[in-house]
Amino acid sequence: ITAGEDFFPHFVMVRQRAHSRIVFLFGFLLSLSVFAVVAVQASYKASIRVTAAQVASVYGNTAANLLALENVLKSVSGESDIVIFPELYLIGYTMYTLEQIQALAEPANGPSFQAISQMTQKYNISVVYGYVESATDAISGRTILHDSAQLIDNRGVSLLNYRKTQLFGAESDYFVPGNRIGPVAKLHGVTIGLLICMDIYYPETARELALQGAQLIIAPTAHGYPPTIKNV
């Protein structure tokens, strides 16, 4: 693994090629200790260039966060194959009220997905980003929220949309846990699976993805207790 020497810019470039063991990469967001975890199980010949973005979210401002996301894509276009943003990146990970977080939620194919889909095509790069997903419960028909991460490829196609299964602390006051680990998807010849933050504390989550064929596990993460935001 080679990484940029300066830890303080808004992103760190990491190029990952074939290795024989699982390697964990933590890209920390300085202000909140938000990081993305990349696990690579590489008994394969394909290679993929990974950028772990360390962009501080603007709390409650999806438009500003999308603009920052695009600036990162523009900066690494041609040098990276995939850019990873932190858990709940589109809204910022903090202590929202239920009403605030409901107002910031979007369906998986919502306006933010549409915007990022266009960006991935424009800059010929893939993206993993965290967001609050609004969905319809299959049994009750009510709207529920998930802590989700989505992988969009450089054609603008959603390859994976994963819902966090192991919620942490007060997250369960807002979110419904996902009900499955996986699936996996191929990108640049590499089979990828997604997890989110607390999921990696339990080895069976990574094991399940490995059994499905995952060679690269990407886990956007938020770490720490940021301040409560009263007006967003």
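**Helices, a pocket and unusual backbone angles in a predicted model**

The protein has four helices and twelve strands. The model is a predicted one.

Reader: What share of the 232 residues of the protein counts as buried?

Author: A residue is buried when its relative accessible area is under 20%. Among the 232 residues of the protein, the share that meets this condition is 50%.

Reader: Of the contacts in the protein with a separation of 6 or more, what percentage comes from residues 24 or more positions apart?

Author: One pair distant in sequence is Tyr-59 and Thr-94, which are 35 residues apart along the chain and have C-alpha atoms separated by 7.5 Å. For the contacts with a separation of 6 or more, the part from residues 24 or more positions apart is 68%.

Reader: How far apart are the end C-alpha atoms of helix H1?

Author: Helix H1 runs over residues 62-76, which is 15 residues. At 1.5 Å a residue, a span of 21 Å is expected. The model agrees with this, because the end C-alpha atoms are separated by 21 Å.

Reader: Within what arc do the buried residues of H1 fall?

Author: The buried residues of H1 are Thr-62, Asn-65, Leu-66, Leu-69, Glu-70, Val-72, Leu-73 and Val-76. Viewed down the helix axis they line one face of H1, because their directions fall within an arc of 160 degrees.

Reader: Which residues are exposed on the other side of H1?

Author: Exposed residues have a relative accessible area over 50%. On the other side of H1, the residues that are exposed are Ala-63 and Leu-67.

Reader: Which residue with a positive phi follows H1?

Author: The phi of this residue is near 90 degrees. The residue that follows H1 is Gly-78.

Reader: What distance separates the end C-alpha atoms of helix H3?

Author: Helix H3 has 13 residues, numbered 111-123. At 1.5 Å a residue they should span 18 Å. The model agrees with this expectation, the end C-alpha atoms being apart by 19 Å.

Reader: Which elements do the buried residues of H3 pack against?

Author: The buried residues of H3 are Ser-112, Phe-113, Ile-116, Ser-117, Met-119, Thr-120 and Tyr-123. They cover an arc of only 165 degrees around the axis and therefore lie on the same side of H3. Turned away from that side is the face with the exposed residues Pro-111, Gln-118 and Lys-122. The partners of the buried residues are H1, strand S7 (126-136), strand S8 (143-152) and strand S9 (158-163).

Reader: Is Asn-124 buried or exposed?

Author: Asn-124 follows H3 and lies in the loop between H3 and S7. Its phi is near 55 degrees, a positive value in a residue other than glycine. Because the relative accessible area of Asn-124 is 51%, this residue is exposed.

Reader: What is the relative accessible area of His-188, a partly exposed residue?

Author: Most residues other than glycine have a negative phi. His-188 has a positive phi near 55 degrees and is found in the loop between S10 and strand S11 (190-194). His-188 counts as partly exposed because its relative accessible area is 39%.

Reader: What is the omega of the cis peptide bond from Gly-182 to Pro-183?

Author: Most peptide bonds are trans. Pro-183 is located in the loop between S9 and strand S10 (185-187). The peptide bond from Gly-182 to Pro-183 is cis, and its omega is near 5 degrees.

Reader: Is Ser-134 buried or exposed?

Author: Ser-134 is part of strand S7. Not counting residues up to four places away in sequence, Ser-134 touches Ala-105, Glu-106, Pro-107, Thr-143, Ile-144 and Leu-145. Because its relative accessibility is 18%, Ser-134 counts as buried.

Reader: What is the relative accessibility of Tyr-59?

Author: Tyr-59 is placed in the loop between strand S5 (48-53) and H1. Tyr-59 counts as partly exposed because its relative accessibility is 23%.

Reader: How many residues of the lining of the second largest pocket are charged?

Author: The second largest pocket has a volume of about 170 Å³. Its lining includes Asp-137, His-146, Arg-163 and Asn-179, and S7 and S8 each supply at least two of the lining residues. Of the lining residues, six are nonpolar and four polar, and the number that are charged is two.

Note on methods
Residues are numbered from 1 along each chain as its sequence is written. This is a predicted model: local features need pLDDT of at least 70, side-chain atom pairs count only at pLDDT 80 or more; totals for chains, interfaces and linings use all residues. Side-chain values use heavy atoms; hydrogens and water are left out. The expected span of a helix is 1.5 Å times one less than its number of residues. Buried means under 20% relative accessible area, exposed over 50%, partly exposed in between (1.4 Å probe, protein chains only). The arc is that of the directions from the helix axis to the C-beta atoms. Contact means heavy atoms within 4.5 Å. On a 1 Å grid over the protein atoms alone, a cavity is a set of points where a 1.4 Å probe fits but cannot get out, and a pocket is an open set with protein on both sides within 12 Å along at least five of seven lines; lining residues have an atom within 4 Å of a point. Grid points are joined across faces, edges and corners, and a volume is the space filled by probe spheres set on the points. Ala, Val, Leu, Ile, Met, Phe, Trp, Tyr, Cys and Pro count as nonpolar, Asp, Glu, Lys and Arg as charged, and the others, Gly among them, as polar.
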